[in-house]
Amino acid sequence: MRAKMFALAVAMSSFMMAADVNAAPAVEGKPAATATTSNTVLGIREYDIASIAAYVANGNQDLLKTAMAKGLDDGLTINEIKDVLAQMYAYCGFPRALTALGTLTTLLDERKSQGISDEVGREATPLPEGTDIHELGTKVQTALSGAPVHLAASPDLDRYLKDHLFGDIFASDLLSHKDREIATIAALSSLPAPIQLDAHYRISLNAGWTKEQLQDFVQYMQKNVGTAEGKVASDVLTKFLQQQQ
């Protein structure tokens, strides 16, 4: 029940703060931010998601605003960016996520006043009636982790992870699991949270990213996000890949 209330709070905040903006018509002919088809590098969509997630995590609202504007220009929809923020709430907390939501709302208002009509995008596909969210979340967590996970030290946290993060949040198909892992490793590099970053590099491989793409992610963080963030991303990946040998 508490997990459901968290998800509802995010949805209500998103709706109330952006209701007027969502009425704006989409830009005709605007290209969608499609995922990369390469096995060695990321694409514009992934770079944009990484930047947005990184700046949500480190709290730099000016750079976040710029990253969100670029994402919109590159074809991310408003709802896809909101889904990144929902993902970030699970890793960075409500304060970072809600502050970022306010930054997005301000940005959309400014763009609307400039005559820019950003695409809202579709809503997430509803889950089938009767879906057991705990069962679904456990299945997703196990698949991405590569093995069943049970936090015996805290049954509550174990349930939140399964029901809320891997259940409620991951159930939204606005972002793929690969999208979500790029957002997560960018955020963990920026917090920083190196122990969790190590775990999520492994999850990223299980989600479908290659070692070469993770190395490309590191280079992007170093060149485009920040020296400190890039160093954490690089140091942890280097150690992680050495352990894989």
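Which residues in helix 4 meet which residues in helix 8? This is a predicted model, and the tour begins with that pair of helices.

**First stop: helix 4 and helix 8**

Select residues 78–92 for helix 4 and residues 177–190 for helix 8. Where they meet, you should find Asp83, Val84, Gln87, Met88, Tyr91 and Cys92 on the side of helix 4, and Arg180, Ala183, Thr184, Ala187 and Leu188 on the side of helix 8. If you colour these contact residues by character, they divide into seven nonpolar, two polar and two charged. Now turn the view until both axes can be followed: they come within 10 Å and cross at roughly 45 degrees, and the two helices are therefore oblique to each other. The crossing in which helix 4 passes helix 8 is right-handed.

**Second stop: helix 8 and its surroundings**

Keep helix 8 selected and show the rest of the structure around it. Twelve of its 14 residues are buried, so helix 8 is largely enclosed by the rest of the structure. Among the buried residues are Ile182, Ile185 and Leu188, and also Asp179, Arg180 and Glu181. To see what surrounds them, add helix 2 (44–58), helix 4, helix 7 (155–169), helix 9, helix 10 (211–225) and helix 11 (227–244), against which the buried residues of helix 8 pack. You can also check the length of helix 8: at 1.5 Å a residue its 14 residues should span 20 Å, and the C-alpha atoms at its ends are 20 Å apart, which agrees.

**Third stop: the loop after helix 8**

Move on to proline 192, which is placed in the loop between helix 8 and helix 9 (194–207). Most peptide bonds are trans. The bond from leucine 191 to proline 192, however, is cis, with omega near -5 degrees.

**Last stop: helix 3 and helix 5**

Finally, select residues 61–73 for helix 3 and residues 94–113 for helix 5, whose axes come within 10 Å and cross at roughly 55 degrees. These two helices are therefore oblique to each other, and helix 3 passes helix 5 in a right-handed crossing. The contact is made from helix 3 by Gln61, Leu64, Lys65, Met68, Ala69, Leu72 and Asp73, while helix 5 contributes Thr99, Ala100, Thr103, Leu104, Thr106, Leu107, Leu108, Glu110 and Arg111. Coloured by character, the residues of this contact divide into eight nonpolar, four polar and four charged.

Technical notes
Residues numbered from 1 in each chain as written. Predicted model: local features only at pLDDT ≥ 70, side-chain atom pairs only at ≥ 80, totals over all residues. Heavy atoms only, no water. Axes fitted to C-alpha atoms, helices over the stretch in contact; angles between N-to-C directions. Helix = DSSP H or I, 4+ residues; strand = E, 2+ residues; numbered from the N terminus. Parallel < 35°, antiparallel > 145°, perpendicular 65-115°, else oblique. Left-handed = near helix turned anticlockwise from the far one by under 90°. Contact = heavy atoms within 4.5 Å. Nonpolar A, V, L, I, M, F, W, Y, C, P; charged D, E, K, R; others polar. Expected span 1.5 Å × (residues − 1). Buried < 20%, exposed > 50% of the residue type's maximum accessible area, 1.4 Å probe, protein only.
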